[in-house]
Structure formats: C-alpha cells, structure tokens
Amino acid sequence: MKKLPPFKNEAYQDFSKKPVAAKLQAAIRKVRASFGREYALIIGGERLRSDQKLESRNPSDKKELIGIFQKATPEQGRQAVEVAHRAFQTWRYEPAEKRAERLLNVGKLMRQRRNELVAWCILEAGKTWAEADADVSEAIDFTEYYSRQALRLGGPQKTQPFPGEKPELRYIPLGVVVVIPPWNFPCAILCGMTFAALVSGNTVVLKPSSDTPGIGAQVADILVEAGFPEGVFNFVPGSGATVGNAMVEHPLTRMIAFTGSKEVGLDIVDRAAKVQPGQIWIKRVIAEMGGKNATIIDESADLDAAVPGTVAAAFGYQGQKCSAGSRIVVHQKLYDQFVEKFVPKVKALKVGPAADPTSNVGPVISQGAFDSIMSYIEIGKGEGKLLTGGEGDSSYGYYIQPTTFADVDPHARIAQEEIFGPVTAVMRAKNFDHALEIANCTEYGLTGAVFSANRKHLEKAREQFFCGNLYLNRKCTGALVGVHPFGGFNMSGTDSKAGGSDYLLLFTQAKAITERITKAAKRK
Ligand code: NAD
C-alpha cells in the first residue's frame with residue numbers, strides 16, 4: 001500500500017457560488033425522484049424483507065414519503081448477529097492494510113456521491129444546506145482518519161525490550177459490533193461508529209434510527225460496493241425496543257456502539273451487563289448520550305464574537321445537536337447588553353423548509369420531537385421570560401420558532417433537562433466563579449464554551465469547566481474529526497472521543513505475545 005499523505009479535513013462546499021449550488025439543486029431533484037421506493041434489509045449479503053414496514057417522511061413536508069423500509073423482526077436481528085459472527089471467523093485475520101484500503105474506497109465512493117448524500121440529509125433529516133454538507137464531510141473524514149489509525153495500530157507494537165525474550169503487543173478485533181446511531185448526524189455518526197468497527201477488524205450489524213433509515217441505506221449500498229465481504233456488514237433497520245434489544249442481548253454480540261439519548265443509553269448498558277446463557281465475554285459498550293451545554297459570557301467577552309457564536313450553537317440544526325448551546329450564562333455586568341444584541345439576531349433567523357437555501361432554521365425531526373419541544377416551551381413560559389419564538393406549526397412540517405428564555409434559574413427544568421430543539425435559556429451570573437458553578441451544575445458534561453479576554457479566567461476554565469469538549473472564544477458546536485476528539489463526561493456518556501487517535505482502541509483488545517529466544521527456534 002502506498003504511503004498515505006497526512007490526514008486533512010474535507011473542505012466544505014461554498015453554496016454561495018452558483019455552479020456549486022446548482023449541483024446540489026440537481027442532486028435534490030434526483031433524490032426526490034427516487035422517493036417512495038422500498039428498501040431491503042441486508043443480512044449476509046442477501047437482500048431480505050419483513051412483514052412489517054417503516055415509513056420515512058420528509059420533516060419539512062410530511063406528506064412527502066421518502067421511502068419504505070423493513071422493520072426487522074427480533075428473529076432477523078438475531079440472525080444478523082449470527083451471520084456476522086460467522087463472517088468474523090475469517091474477517092478477523094484480514095490484514096489492517098486491506099481493511100484500510102476498503103475504507104478508503106468507501107471514502108472515494110462517498111466523494112463521488114457527495115451531493116446525493118447531502119440531499120438525503122436535507123430531505124430526510126431536515127438539515128439546512130450547510131449543516132447537511134458538514135454532516136457528509138465528517139463521514140468522509142472518518143474514512144480517511146480511521147484508515148490511518150488502523151494502519152498505525154495494525155501489526156506488532158513495541159514493548160519494553162527484555163533480555164532473552166522477544167515481546168510484542170498486537171491489537172486484535174473483538175467480534176460482532178452492534179452499531180446503534182441516532183438520527184441527528186444521520187450520516188456522520190452512523191458512519192463513524194460503523195467504519196471504526198470494520199476497519200479494526202470487527203463485523204457489524206447496523207440498526208439505523210427509524211427517523212433516518214434512508215441515509216443508512218445509502219451508506220449500506222456504498223459499503224457493499226466498496227467490497228466488504230458478505231456478512232461483514234449487515235443492515236437491519238427496525239424498532240429499537242424490539243430488534244435493537246434482541247441484538248443487544250444476543251450472547252454472540254461482543255460490543256455495542258451506541259449514540260443517542262441518556263434513557264436508551266443507560267438501558268443498553270443495563271441489558272448488555274446481563275450475561276446470557278452461552279455468553280463467554282463481558283460485552284463492551286460505548287454509549288455517547290445527551291448534553292445540556294453551557295456557554296459562559298464573561299465580563300470581558302467580545303460580544304461581536306460571542307453573540308453570533310451563541311446564536312449558531314443554540315439554533316444550528318434547530319438545536320438538535322448533542323453539542324447544542326442550550327444554556328447561556330452571562331456575567332451580570334454584560335447581561336443587558338448581551339440580550340439586546342442576541343434577540344435581534346435570533347429574530348432575523350428564517351424558519352423554513354430545509355431544501356430552501358435561504359432557510360436558516362429547518363424543521364425538527366418528527367411529530368414526537370415537536371410535541372416534546374413544545375411542551376418544554378410551555379414549561380419555559382413559567383420558568384423564564386420569553387424573549388423570542390415560543391410558537392410552533394406542525395400542519396405540514398415540524399416547524400418551531402427559535403425560542404429564547406431569559407432570567408432562568410440554573411436549577412429550572414429548562415436549564416437542567418435536554419430539550420433537543422431550538423430552545424435556549426439565558427442565565428445571569430454574579431461573577432466568573434459563579435458562572436462556572438452554573439455551567440457545571442447539571443448531570444451532563446458534553447461541550448462548553450467560554451468567551452472571555454481574561455487570561456486567568458480562560459486558564460481557570462481549562463481546569464474547572466467539567467466537560468468533554470471545551471471551546472475557548474468560539475462556539476460549542478462544530479467538532480472536526482482529528483482536531484476535536486468528541487465525547488462527554490457524566491451522563492453525557494462513556495467519553496469515547498470519536499474522531500480521536502484513541503478511538504479505534506475501543507474496538508480492539510490487546511494481545512501481548514512473548515517468545516523466549518531459543519537456539520532451536522532461531523535455526524528455522
Ligand atoms: P434515541 O436514544 O431515541 O435513539 C438512538 C438509537 O437507539 C436509535 O437508533 C433508536 O432506534 C435506538 N433505540 C431506541 N430504543 C432502543 C432500545 N431499547 N434498544 C436498542 N436501541 C434502541 O436518540 P435519538 O433521538 O435518535 O438521538 C438524540 C439523542 O442523541 C440526544 O439525546 C442527543 O444528545 C444524543 N446524541 C449524542 C451524541 C454524543 O456524541 N454524545 C451525538 C449525537 C446525539
């Protein structure tokens with residue numbers, strides 16, 4: 001294999017250029033023309049059906065049926081795990097170089113179909129153009145970054161030398177990994193967990209989110225085309241509570257790579273901990289979960305940077321990012337000034353269909369999400385002062401106005417619970433220490449940001465702001481593969497640091513091998 005150049009993040013597309021925008025418009029038309037198709041499960045290379053179906057609809061316009069997907073039965077889920085277990089018996093010995101070559105091939109195919117994948121994220125997940133492009137770019141980054149990491153970890157690793165012995169350490173794969181992603185990064189997170197598992201030598205059963213199975217089906221086709229052998233990758237859409245549980249509980253499942261809500265993550269940890277008859281290992285679980293991320297605006301903050309940063313973090317992808325800035329903690333001296341500048345910027349955001357390039361805020365993902373967010377807005381009306389938004393319309397798509405509550409108590413429900421929608425809470429801090437105390441006072445610990453010109457405060461935040469991804473003088477969203485390894489503390493999850501150099505280690509186990517140097521063995 002040729003030596004790879006150093007990893008570089010995929011550049012975003014500039015849709016302000018007419019020819020670039022025209023290409024995406026064409027891709028949106030192409031994907032729309034495919035609406036309504038039925039997609040199969042893929043188990044052991046076979047395309048299978050189930051009696052029960054799952055409909056995926058465009059959240060920007062719910063009468064648009066994106067596609068019909070199989071709702072796999074628990075039996076089909078178990079079958080997929082067994083097929084993947086059989087495929088593992090040979091795939092486990094595939095050299096790291098070959099696995100990396102296949103993943104790089106996936107990256108090539110994704111680049112060729114980039115705009116189609118972007119269009120899928122717009123139409124099925126309700127992402128605005130730039131958000132959808134960033135989602136697909138991140139997925140491509142994972143192909144490049146994890147291939148390089150797999151090559152680094154492949155083959156014998158050196159240990160401390162010892163006289164008379166030849167010691168080494170090898171990272172070997174684990175077995176069947178059940179991958180369970182959320183809908184909010186329907187391409188990037190789904191790909192990140194799947195690619196990490198495959199390139200480390202594991203086999204995968206992927207259960208996409210029921211809200212975005214179409215994007216999963218596109219990735220599944222690419223993996224098949226890139227030459228992953230039958231059974232090494234399996235695609236099993238269906239309900240989390242039925243087929244998801246069946247696969248989590250299967251004794252041949254070796255690992256579960258999950259990203260999603262705290263409730264489901266904790267349930268998976270619980271189920272995976274119970275040893276099933278015939279099971280001969282402790283299941284490994286990665287569970288990356290929710291957030292309630294705070295941005296601190298210090299007394300010395302530059303509001304020209306802090307205001308756009310907090311607006312983007314709170315309302316980018318309608319606040320449906322685990323890293324979303326759902327709490328803004330402002331030093332009392334700057335509070336009124338901040339609010340004065342923040343409110344018009346939020347009111348200027350245009351809410352509309354994600355496929356319309358002039359929309360800044362698209363729909364939320366589903367009726368369930370709409371109802372839950374609207375009920376939090378009602379709670380918020382009793383807990384804070386409504387400054388922007390507060391209204392929603394689900395008559396044709398799931399639209400909610402960007403909503404800001406001010407003067408919120410740090411222990412109020414809207415300041416403690418993950419709302420996962422376009423709602424943010426502004427809070428007043430007496431001083432920087434008080435701001436840090438507020439920032440750290442939830443059960444989560446995913447991302448955080450501080451805007452300050454005070455060096456001492458920035459250094460204090462490095463030490464005392466307790467979150468997995470801390471950003472100083474920039475927004476708390478927008479982690480880049482390789483640059484900002486991503487994962488949170490406390491109830492935000494297992495801190496697996498996706499897109500970091502240690503991530504693939506979680507998908508392997510280390511085998512230490514030592515050979516005593518003998519004359520007889522030397523001769524051969
Ligand atoms: P969710 O927990 O509802 O679903 C996540 C996945 O789990 C889906 O594929 C779903 O079908 C599946 N599932 C549901 N019940 C299951 C069960 N009983 N057994 C097995 N699988 C089951 O979460 P969501 O609504 O898809 O995603 C939003 C959540 O994800 C938010 O809380 C967000 O903060 C979190 N998130 C976290 C990160 C991170 O890196 N920490 C990244 C993105 C999203």
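Let me open with Arg 148, which counts as buried at 16% relative accessibility, because the cut-off for buried is anything under 20%. Please keep in mind throughout that what we are looking at is a predicted model. Arg 148 belongs to helix α5, which runs over residues 129-153, and the side chain of Arg 148 makes a polar contact of 2.7 Å with the side chain of Glu 144. If we leave aside the neighbours within four places in sequence, Arg 148 is in contact with Leu 4, Pro 5, Pro 6, Phe 7 and Leu 104.

From there I would like to turn to the nonpolar cores. The largest of them has 72 residues, and those with the most contacts inside it are Met 110, Tyr 146 and Phe 195. Tyr 146, again leaving aside neighbours within four places in sequence, is in contact with Leu 103, Gly 192, Phe 195, Ala 196, Val 199, Ala 498, Gly 499, Tyr 503 and Leu 504. Apart from this largest core lies another one, of 36 residues, which includes Tyr 317, Val 364, Met 427 and Ala 429. As general background, nonpolar side chains in soluble globular proteins tend to be buried together.

Tyr 317 deserves a second look, and I will take it together with Asn 473. Tyr 317 sits in the loop between α10 (303-315) and β13 (327-331), with a phi near 45°, a positive value in a residue other than glycine. Asn 473, for its part, is found in the loop between β21 (469-472) and β22 (489-490), and the phi of Asn 473 is near 55°, which is likewise positive in a residue other than glycine. The general background here is that most residues other than glycine have a negative phi. As for accessibility, Tyr 317 is buried, with a relative accessible area of 1%, whereas Asn 473 is partly exposed, at 39%.

Staying with strand β21, we find Tyr 471 there, and Tyr 471 is buried, since its relative accessible area is 4% and the limit for buried is 20%. What does Tyr 471 touch, leaving aside its neighbours within four places in sequence? Its contacts are Thr 447, Gly 448, Ala 449, Val 450, Cys 476, Ala 479 and His 484. As a reference distance across the model, the C-alpha atoms of Tyr 471 and Arg 99, which are 372 residues apart along the chain, are separated by 34 Å.

Now to two further loop positions. Ala 226 is placed in the loop between α7 (213-225) and β9 (233-235), and at 6% relative accessibility Ala 226 counts as buried. Leaving aside neighbours within four places in sequence, Ala 226 is in contact with Arg 102, Asn 105, Val 106 and Leu 109, while Ala 196, 30 residues away in sequence, is 15 Å away in space, C-alpha to C-alpha. The second position is Asp 356, in the loop between α11 (335-347) and α12 (367-383), and Asp 356 is partly exposed, with a relative accessible area of 27%. Asp 356 and Trp 129 are 227 residues apart in sequence, yet 8.2 Å apart in space, C-alpha to C-alpha, and, with neighbours within four places set aside, Asp 356 is in contact with Trp 129 and Lys 350. In addition, a polar contact of 2.8 Å joins the side chains of Asp 356 and Thr 358.

I will finish with the ligand. It is surrounded by 28 residues, of which the closest are Pro 181, Lys 207, Ser 261, Met 289 and Glu 418. Where do oxygen atoms of the ligand meet N or O atoms of the protein? A backbone N or O atom of Pro 181 lies 2.8 Å from an oxygen atom of the ligand, a backbone N or O atom of Gly 260 lies 3.2 Å from one, and an N or O atom in the side chain of Glu 418 is 2.6 Å from one. The protein covers 87% of the 850 Å² of accessible area that the ligand has on its own. Which elements give two or more residues to the shell around the ligand? They are α8 (240-249), β10 (253-259) and α9 (262-273), and the largest share, 4 residues, comes from α8. By residue type, the shell divides into 15 nonpolar, 9 polar and 4 charged.

Methods
Residues are numbered from 1 along each chain as its sequence is written. This is a predicted model: local features need pLDDT of at least 70, side-chain atom pairs count only at pLDDT 80 or more; totals for chains, interfaces and linings use all residues. Side-chain values use heavy atoms; hydrogens and water are left out. A residue is near a molecule or strand if one of its heavy atoms lies within 4 Å of it. A polar contact is a pair of N or O atoms within 3.5 Å; within protein, one must be able to donate a hydrogen and the other to accept it, and residues adjacent in sequence count only if both atoms are side-chain atoms. Accessible areas come from the Shrake-Rupley method with a 1.4 Å probe; for residues, only the protein chains shown count as cover. Ala, Val, Leu, Ile, Met, Phe, Trp, Tyr, Cys and Pro count as nonpolar, Asp, Glu, Lys and Arg as charged, and the others, Gly among them, as polar. Buried means under 20% relative accessible area, exposed over 50%, partly exposed in between (1.4 Å probe, protein chains only). Contact means heavy atoms within 4.5 Å. A nonpolar core is a set of buried Ala, Val, Leu, Ile, Met, Phe, Trp, Tyr and Cys residues joined through side-chain atoms within 4.5 Å.
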